[in-house]
Amino acid sequence: MDKNLIQRTISGIVYVAVIILCATPLGAQLINSISPDLVKQQYLYYGLITFLMVVGSWECVKIMKFGKGYEKWVVLPVIAIIFYMFSKRYFHHDFFFDFRLSEILALALIAIAVVTLFKYPSELYYDSGKLIFTVIYVALPFSFALGLPKYSSFNDTFSLEVLFLFILIWSSDTFAYLTGKFFGKHKMAPKISPKKTWEGYAGGVVLTLVLSYFIEKYQHDLRGNWMVVGFLVASFAPLGDLVESQLKRNFGVKDSGNIIPGHGGVLDRLDSFLICVPVVYLYFILEKFI
């Protein structure tokens with residue numbers, strides 16, 4: 001058997017296992033079965049998101065090839081300040097998904113960063129532009145990810161929004177790949193991602209909607225309508241892949257890193273997550289007004 005395939009399989013299994021253990025109550029249950037009351041699930045999830053954000057930020061800095069100016073050394077402190085502000089809200093259960101102007105502006109900045117990457121890439125050749133893009137592209141999505149699950153220390157509960165978000169992203173990628181492989185003819189973005197087709201995109205949307213129907217039917221504790229979430233994820237997950245592909249293409253980089261053997265870096269694995277989280281978060285805000 002191909003050694004690379006074995007490596008990809010093992011690292012993929014470990015990656016999925018870590019997500020499941022940190023984004024569901026299973027992680028705390030497993031650890032506390034060894035040593036009672038050692039850890040709360042919310043701390044495992046917070047640790048996961050923090051780790052992914054730090055590694056993803058450093059990968060983005062390396063991709064964009066900062067110069068010798070001060071901007072390279074300011075990135076992580078700025079990201080830490082932003083993440084700290086969201087962290088306080090996370091531990092104080094302060095994510096109410098009300099209409100907050102600061103959140104809407106932050107979500108708008110993500111959209112502006114994506115447009116800049118595709119339409120005005122020359123702006124990212126300056127270290128100041130690289131600094132702003134890194135903070136917006138990496139720090140804000142991971143910060144918003146802290147608001148997706150609900151938990152209670154009193155009842156020892158932790159909701160599963162993030163787990164099912166990952167499942168829908170994985171299903172969208174898989175269904176789009178398989179549909180495109182067998183039926184794909186019309187290229188979606190041949191210069192950025194030659195293998196993506198509109199047929200694959202359509203297949204990913206339809207089949208992910210089927211999966212989201214069963215999530216909505218059997219998972220009643222999740223916030224929002226998961227048919228809507230499934231449609232949003234299937235619609236925007238390919239964009240996340242295109243964004244990261246365009247970023248690497250602009251700076252002549254193949255992989256964002258090698259922390260996940262055979263799969264690349266954090267940004268390679270979470271490119272869709274970085275776009276889907278803000279979209280789903282915005283939906284949870286708007287859903288309260290419908």
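Here are three short exercises, each with a worked solution, on the predicted model shown above.

**Exercise 1. The largest pocket**

Find the volume of the largest pocket, the residues closest to its centre and the elements that line it.

*Solution.*
Step 1: Begin with the volume, which for the largest pocket is about 1400 Å³.
Step 2: Look towards the centre. The lining has 40 residues, and D173, Y177, K196, D241 and R269 are the closest to the centre of the pocket.
Step 3: Turn to the elements. Those that give two or more residues to the lining are the helices α1 (3–23), α7 (161–183), α8 (198–218), α9 (226–250) and α10 (266–287), together with the strands β3 (187–189) and β4 (193–197).
Step 4: Pick out the main contributor. With ten residues, α7 supplies the largest share of the lining.
Step 5: Sort the lining by character. It holds 14 nonpolar, twelve polar and 14 charged residues.

**Exercise 2. Helix α6**

Work out what span helix α6 (residues 127–145) should have, and find where α6 bends.

*Solution.*
Step 1: Take the 19 residues of α6 at 1.5 Å a residue; the expected span is 27 Å. The expected span uses one less than the number of residues.
Step 2: Compare this with the model. The end C-alpha atoms of α6 are 27 Å apart, so the two values agree.
Step 3: Follow the helix to A139, where α6 bends by about 25°. A proline, P141, comes within four residues after that point.
Step 4: Check the surroundings. Because 17 of its 19 residues are buried, α6 is largely enclosed by the rest of the structure.

**Exercise 3. Salt bridges**

Trace the salt bridges of E103, R100 and K248, and decide whether the partners are buried or partly exposed.

*Solution.*
Step 1: Start from the total: the whole structure has seven salt bridges.
Step 2: Take E103, which pairs with R89 with the closest N and O atoms 2.6 Å apart. The two are 14 residues apart, E103 in helix α5 (residues 101–119) and R89 in helix α4 (residues 71–91). Both E103 and R89 are buried.
Step 3: Move to R100, whose side chain meets that of D94 at 3.4 Å, N to O. Buried means under 20% relative accessible area. R100, at 27%, therefore counts as partly exposed, and D94, at 23%, is partly exposed too.
Step 4: Put these residues together: R89, D94, R100 and E103 are linked in a network of salt bridges.
Step 5: Finish with K248 and D268, whose closest N and O atoms are 2.9 Å apart. K248 lies in α9 and D268 in α10, so this pair ties together parts 20 residues apart in sequence. K248 is buried at 10% relative accessible area, and D268 is buried at 7%.

Conventions:
Residues are numbered from 1 along each chain as its sequence is written. This is a predicted model: local features need pLDDT of at least 70, side-chain atom pairs count only at pLDDT 80 or more; totals for chains, interfaces and linings use all residues. Side-chain values use heavy atoms; hydrogens and water are left out. On a 1 Å grid over the protein atoms alone, a cavity is a set of points where a 1.4 Å probe fits but cannot get out, and a pocket is an open set with protein on both sides within 12 Å along at least five of seven lines; lining residues have an atom within 4 Å of a point. Grid points are joined across faces, edges and corners, and a volume is the space filled by probe spheres set on the points. Ala, Val, Leu, Ile, Met, Phe, Trp, Tyr, Cys and Pro count as nonpolar, Asp, Glu, Lys and Arg as charged, and the others, Gly among them, as polar. The bend at a residue is the angle between axes fitted to the seven residues ending there and the seven starting there. Buried means under 20% relative accessible area, exposed over 50%, partly exposed in between (1.4 Å probe, protein chains only). A salt bridge is a side-chain nitrogen of Lys or Arg within 4 Å of a carboxyl oxygen of Asp or Glu.
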